[in-house]
Amino acid sequence: MQKIIIQAFLILLIYLASTPVFGVVHSQENKSALVDKLNLILSKQKKDQPGVSVLVKKNNEIIYQLSKGLANKDNNNSISSHTGFRIGSISKPFTALAIMKLVEQKKLSLDDHITKYIQELPTGWKVITIKHLLSHRVYISDDFFSDSNLNLANLSTNQDVIKFISSNMIKVKPQAFDKAIYCNSCYVLLAEVIAKVSGVSFSEYLSENIFVPANMKNSYIVEKGVTIKPNDALNYAKTESIFGNRQYTTGAMAQVSSIEDLNNFIVALKEGQIISQKSLISMTKVHSGAGDDGTFGLGWIIGWGDEPFYSHGGSQDGYQTELFFHPKHDLEIVILTNGGDETYELQSKVMRAIITHYN
């Protein structure tokens, strides 16, 4: 599962790293040309198949928005701007934002050790800090979320993850700056820290401190006891299961959001309504590197250059998603899909068309 997630967004980032600098011209004619390109690509999306929801913003203006295809085949429910999708690992920036909110409130420090908050973790975890977890600088000899452990996923919760990685058979150690390893279990631990420090559940904290302030009315966390809402997008438009499993771990994934919600999130984040601009700048600097697999901020994948893009993708079975910010060019892109390889191919073509358009 982890391999799929990495492939889903890092192939894109490697491509972007080799792309020349965007142009600065932005005219009505220029915008119309992009709209025509995107309409042509998305004309391939069938109305009676799992689909896509796309948003493109330039200079704080929505220049393209389209939702097409089915959220649910059984009731022939079409995707709209209000349709929630499981966003996969785009959940990680939200977990990181919640941590930074608690840092701003002086309720925790990035230098705190994880065992301060999750005391059942064994001795080896005592050297691991919150910042190590946020920047993927943790080696775990057997990660709960590896492909070989897929059989553990069904009905699993955060406590199952903690129990698994607490085994004396599993080794853990902090990684050097340039030896980061993408880590889902790290973000499960961060979700538990948020609950412990705030005194409310992880989902409640996100709702009160991110979803409500950002007017994200269609966003929620799929945790134990919570199912996908009737009008939201099912996996391949037919099932709530992920790789045949019902999984209730939170922090690394599990968030549901709509394209409308993520537009509101973009506005709130840029206007400092969630965390301060100082904290956001800190999050979107490079804090670790994973060699050819890219560079990490705190909850974000970071680009290259003096004022790089920051982004995150998600890959969770048929759900393939992308959230992309390029501050230097005031460009944001959101793509949510639920059709596996077919809609991911459209997603890739849309991303490539937008980036090359502003080349």
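Helices in this description are DSSP runs of H or I with at least four residues, numbered from the N terminus. The structure is a predicted model.

Helix α3 spans residues 91-104. The 14 residues of α3 cover 20 Å from the first C-alpha to the last, close to the 20 Å expected at 1.5 Å a residue. Of these 14 residues, 12 are buried, so α3 is largely enclosed by the rest of the structure. The buried positions are S91, K92, P93, F94, T95, A96, L97, A98, I99, M100, K101 and L102. After α3 comes K106, which has a positive phi near 60°.

The axis of α3 comes within 10 Å of the axis of helix α7 (residues 202-211), and the two cross at roughly 80°. Since angles of 65 to 115 degrees count as roughly perpendicular, α3 is therefore roughly perpendicular to α7. On the α3 side the contact is made by F94, T95, L97, A98, K101 and L102, and on the α7 side by F202, Y205, L206, N209, I210 and F211. Sorted by class, this contact contains 9 nonpolar, 2 polar and 1 charged residues.

The loop between α3 and α4 (130-134) contains Q119. Q119 has a relative accessibility of 64% and therefore counts as exposed. The C-alpha atoms of Q119 and K278 lie 31 Å apart in space, with a separation of 159 residues in sequence.

The model also contains an open sheet of 8 strands, paired in the antiparallel sense and ordered β2-β1-β15-β14-β13-β12-β11-β10. Its edge strands, β2 and β10 (288-289), each pair on one side only. Strands of a sheet pair through backbone hydrogen bonds, either parallel or antiparallel.

At one edge, strand β2 (residues 61-68) pairs with strand β1 (residues 52-58) through 7 bridges, in the antiparallel sense. Within this pairing, V52 has K68 of β2 as its bridge partner. The hairpin of β1 and β2 has 2 residues between the strands, and N59 there adopts a positive phi near 55°.

At the other edge, β10 is joined by 2 bridges to strand β11 (residues 295-296), and these strands run antiparallel. Here G289 is positioned opposite T295 of β11. Helix α8 (residues 259-270) packs on the sheet, where it touches β1, β2, β13 (310-316), β14 (319-326) and β15 (331-337). The direction of α8 makes an angle of about 25° with that of β1.

Notes: Residues are numbered from 1 along each chain as its sequence is written. This is a predicted model: local features need pLDDT of at least 70, side-chain atom pairs count only at pLDDT 80 or more; totals for chains, interfaces and linings use all residues. Side-chain values use heavy atoms; hydrogens and water are left out. Axes are lines fitted to C-alpha atoms, for helices over the stretch in contact, and angles run from 0 to 180 degrees between N-to-C directions. Angles under 35 degrees count as roughly parallel, over 145 as roughly antiparallel, 65 to 115 as roughly perpendicular and the rest as oblique. Contact means heavy atoms within 4.5 Å. Ala, Val, Leu, Ile, Met, Phe, Trp, Tyr, Cys and Pro count as nonpolar, Asp, Glu, Lys and Arg as charged, and the others, Gly among them, as polar. Two strands pair if DSSP finds at least two bridges between them. The expected span of a helix is 1.5 Å times one less than its number of residues. Buried means under 20% relative accessible area, exposed over 50%, partly exposed in between (1.4 Å probe, protein chains only).
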